[in-house]
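Here's a friendly walk through one structure, a stop at a time. Have a look at the picture first, then read on.

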Amino acid sequence: MTTRPYIVGNWKMHGTRAMLAEARAIDRAAERLLKVEVAIAPPFTLIHATRKEANLIGIGAQDVHAADGGAHTGDISAAMAKDAGAGFTIVGHSERRADHKETNALVKEKAEAAIAAGMNVIVCVGETEAERDSGKAEAVVANQLSGSLPEGEGVAEKITVAYEPVWAIGTGRTPTVDDIGTMHRHIREKLVATFGEEGEAIRILYGGSVKPDNAAELLAADEVGGALVGGASLTAESFLGIIIAAAAEDQDDKS
Ligand code: PGA
């Protein structure tokens, strides 16, 4: 088990081949910062090319279909993403839950399909602003975890959880370090209740407006094992700022 901070860039629907230069620069930087595990999830169209450009960092998909294959126009199976070079996939990102009406049950199916295809998964959870304001954030996240986490022999070691409050994504707003710590402790309890001792080792990332200038503070929150980064992962310069902050954070004795 690795305890290195895990910093994952989610490029969302950004990137043409011109972005490969950023991937190469991120990979070069990661080579010097071995205390941090770095990965990016480019759009499907760039997975193969990114894998060829970047040797050291992890490459993942942003989603996969739950089926192995078949008549699903426009979709990509886990085996296809893996074949293109993805070692992991994000599932259940709030943008997919909202844009594509993905339910917890579907997210779970996707996670199980990806694991069956030999991939790791980053399962995303997080409350909306209205849910937080009405005091339901923890209940919502607990419910998402219950419904979305994959089941099966040996799955725990394939899972990373990303806590991403919907209202913090792309807004420049973040929860307080205390609120992040409180939520991450709840997530940890739930993971241990679900997977027993193996639940202790599952990394829990924070995501939502992580930037070079707030990364050190956010990564220092309790039970935060890394970050899922959207906007600030699109240039090597800003993503590197976060990776450097994570490398420095790792030197502190957090536990
Ligand atoms: P953001 O996105 O860093 O742009 O807020 C995070 C995410 O959606 O994963």
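## The space inside

The largest cavity holds about 30 Å³ of space. Keep in mind that what you're looking at is a predicted model. If you count cavities of 30 Å³ or more, the structure has 1. How do you find something like that? Rolling a probe the size of a water molecule over the atoms shows where empty space is left.

So who lines the largest cavity? The residues are Gly92, Ser94, Arg97, Cys124, Val125, Gly126 and Glu164. Sorted by character, that lining comes out as 2 nonpolar, 3 polar and 2 charged residues. Two elements each put at least two residues into the lining: helix α4, running over 94-99, and strand β5, covering 120-125.

## Around the ligand

Now for the ligand, which has 13 residues around it. Which of them come nearest? That would be Lys12, His93, Glu164, Gly170 and Ser209. Glu164 may ring a bell, as it is also one of the residues lining the largest cavity. The shell as a whole divides into 4 nonpolar, 7 polar and 2 charged residues.

Zoom in and you can pick out some close pairs of atoms. Lysine 12 has an N or O atom in its side chain that sits 2.7 Å from an oxygen atom of the ligand. With glycine 170, a polar backbone atom is 2.6 Å from a ligand oxygen. Glycine 230 also uses a polar backbone atom, this one 2.8 Å from an oxygen of the ligand. How much of the ligand does the protein cover up? On its own the ligand would expose 280 Å², and the protein buries 97% of that.

## Glutamate 127, tucked in a loop

Next stop is glutamate 127, in the loop between β5 and α6 (129-133). Is glutamate 127 buried or exposed? Its relative accessible area is 0%, so it counts as buried, the cut-off being under 20%. Its side chain has a partner, too: it makes a polar contact of 2.9 Å with the side chain of tyrosine 163.

## Aspartate 179, on a helix

Last up is aspartate 179, which belongs to helix α8, residues 177-195. Why does aspartate 179 count as partly exposed? Because its relative accessibility is 32%, and the partly exposed class lies between the 20% and 50% cut-offs.

Look across to aspartate 222 as well. In sequence, aspartate 179 and aspartate 222 are 43 residues apart, while in space their C-alpha atoms are 9.6 Å apart.

Terms used:
Residues are numbered from 1 along each chain as its sequence is written. This is a predicted model: local features need pLDDT of at least 70, side-chain atom pairs count only at pLDDT 80 or more; totals for chains, interfaces and linings use all residues. Side-chain values use heavy atoms; hydrogens and water are left out. On a 1 Å grid over the protein atoms alone, a cavity is a set of points where a 1.4 Å probe fits but cannot get out, and a pocket is an open set with protein on both sides within 12 Å along at least five of seven lines; lining residues have an atom within 4 Å of a point. Grid points are joined across faces, edges and corners, and a volume is the space filled by probe spheres set on the points. Helices (H or I, at least four residues) and strands (E, at least two) are DSSP runs, numbered from the N terminus. Ala, Val, Leu, Ile, Met, Phe, Trp, Tyr, Cys and Pro count as nonpolar, Asp, Glu, Lys and Arg as charged, and the others, Gly among them, as polar. A residue is near a molecule or strand if one of its heavy atoms lies within 4 Å of it. A polar contact is a pair of N or O atoms within 3.5 Å; within protein, one must be able to donate a hydrogen and the other to accept it, and residues adjacent in sequence count only if both atoms are side-chain atoms. Accessible areas come from the Shrake-Rupley method with a 1.4 Å probe; for residues, only the protein chains shown count as cover. Buried means under 20% relative accessible area, exposed over 50%, partly exposed in between (1.4 Å probe, protein chains only).
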